[in-house]
Amino acid sequence: MAVIMHETSLADAADRLWEELPGHRVEILNGSIVVTPSSDGSHQVTLSRLTRRFYDAGTDEAGVEPVQGIGLWLPTGSDDYAVPDLSIVDIDFRDEAVEKNCYAPHVFRLVMEVTSSNWGNDLVTKVETYARTRIPVYVVVDRKHDEVLVYSDPVGDEYVTCSRYKRGQTVPVPPSVGVTLDLSVDTLLDGD
């Protein structure tokens, strides 16, 4: 008896995983499917509070919008996309939809990831991918190593500048984002 295998594209396989794993984040990074389990409470509280802080800092006046979990179309592969935890995008980002609920990279001013169980992707793969995509600022709330990293000035596959912040310090949001805001490392790490 012959078995007929139905071959699908990488994008189709990612879609199928997204449907079969509710609550998980499915991304295609450098031609590989990456699945992240659903976030814990501290992760979500951090994102909710950050969103409020950005609004309070004047995002409307700056022409930017804080949004959680929207797709970022990546130029690294034909089906590549990421879904950052939090993004600061141009206010008219919806005009720049590419496909699959993803938006063109040039509307992203900052992307932020709060590490979870697959923290290696956030600290290695996404640093290179976001630099190559020319995302101006990439912030990693690194709960694994208890610090916050701010990458800026992308050139090639890397960021020229990486600033590390420890507990007790504040993280200044780079001016290129459009708002003036200092974020507590402790709040970013703990969600408090």
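**Exercise 1. In which loop is Thr180 found?**

Before starting, note that this is a predicted model, in which local features need pLDDT of at least 70 and side-chain atom pairs count only at pLDDT 80 or more, while totals for chains, interfaces and linings use all residues. Residues are numbered from 1 along each chain as its sequence is written, and side-chain values use heavy atoms, with hydrogens and water left out.

Solution. Begin with the strands, which, like the helices, are DSSP runs numbered from the N terminus (H or I and at least four residues for a helix, E and at least two for a strand). Thr180 lies in the loop that runs between β12 (170-172) and β13. Next, consider accessibility, where buried means under 20% relative accessible area, exposed over 50%, and partly exposed in between (1.4 Å probe, protein chains only). Thr180 has a relative accessible area of 76%, and is therefore exposed. Finally, look across the sequence: Thr180 and Ala57 are 123 residues apart along the chain, but their C-alpha atoms are 6.5 Å apart in space.

**Exercise 2. Compare the span expected for helix α2 with the one in the model, and locate its buried residues.**

Solution. First, take the expected span, which is 1.5 Å times one less than the number of residues. For the 16 residues of α2 (residues 41-56) this should give 22 Å, and the end C-alpha atoms are 23 Å apart, which agrees. Second, list the buried residues of α2, which are His43, Thr46, Leu47, Leu50, Thr51 and Phe54. They lie on the same side of α2, because they cover an arc of only 135° around the axis, the arc being that of the directions from the helix axis to the C-beta atoms. Third, find their partners by contact, meaning heavy atoms within 4.5 Å: these buried residues pack against α3 (59-62), β3 (64-68), β6 (86-90), β8 (108-114), β13 (182-184) and α5 (185-190). Just after α2, Gly58 takes a positive phi of about 100°.

**Exercise 3. Trace how strands β9, β10 and β11 pair.**

Solution. Two strands pair if DSSP finds at least two bridges between them. Starting with β9 (residues 137-142) and β10 (residues 147-155), one finds antiparallel pairing over 6 bridges, in which Val137 has Ser152 of β10 as its bridge partner. Their hairpin has 4 residues between the strands, and in this hairpin Asp146 takes a positive phi near 60°. Continuing onward, β10 pairs with β11 (residues 158-165), again in the antiparallel sense, over 7 bridges, and here Val150 stands opposite Ser163 in β11. This hairpin has 2 residues between the strands, with Gly156 at a positive phi near 65°.

**Exercise 4. Describe the surroundings of Arg25.**

Solution. Arg25 belongs to strand β1 (residues 25-29), and with a relative accessible area of 16% it is buried. Turning to its side chain, one finds that it reaches the backbone oxygen of Val83 at 2.3 Å. The Arg25 side chain also makes a polar contact with the side chain of Asp85 at 3.1 Å, where a polar contact is a pair of N or O atoms within 3.5 Å (within protein, one must be able to donate a hydrogen and the other to accept it, and residues adjacent in sequence count only if both atoms are side-chain atoms). Leaving aside neighbours within four places in sequence, the residues in contact with Arg25 include Val34, Thr36, Glu113 and Lys126.
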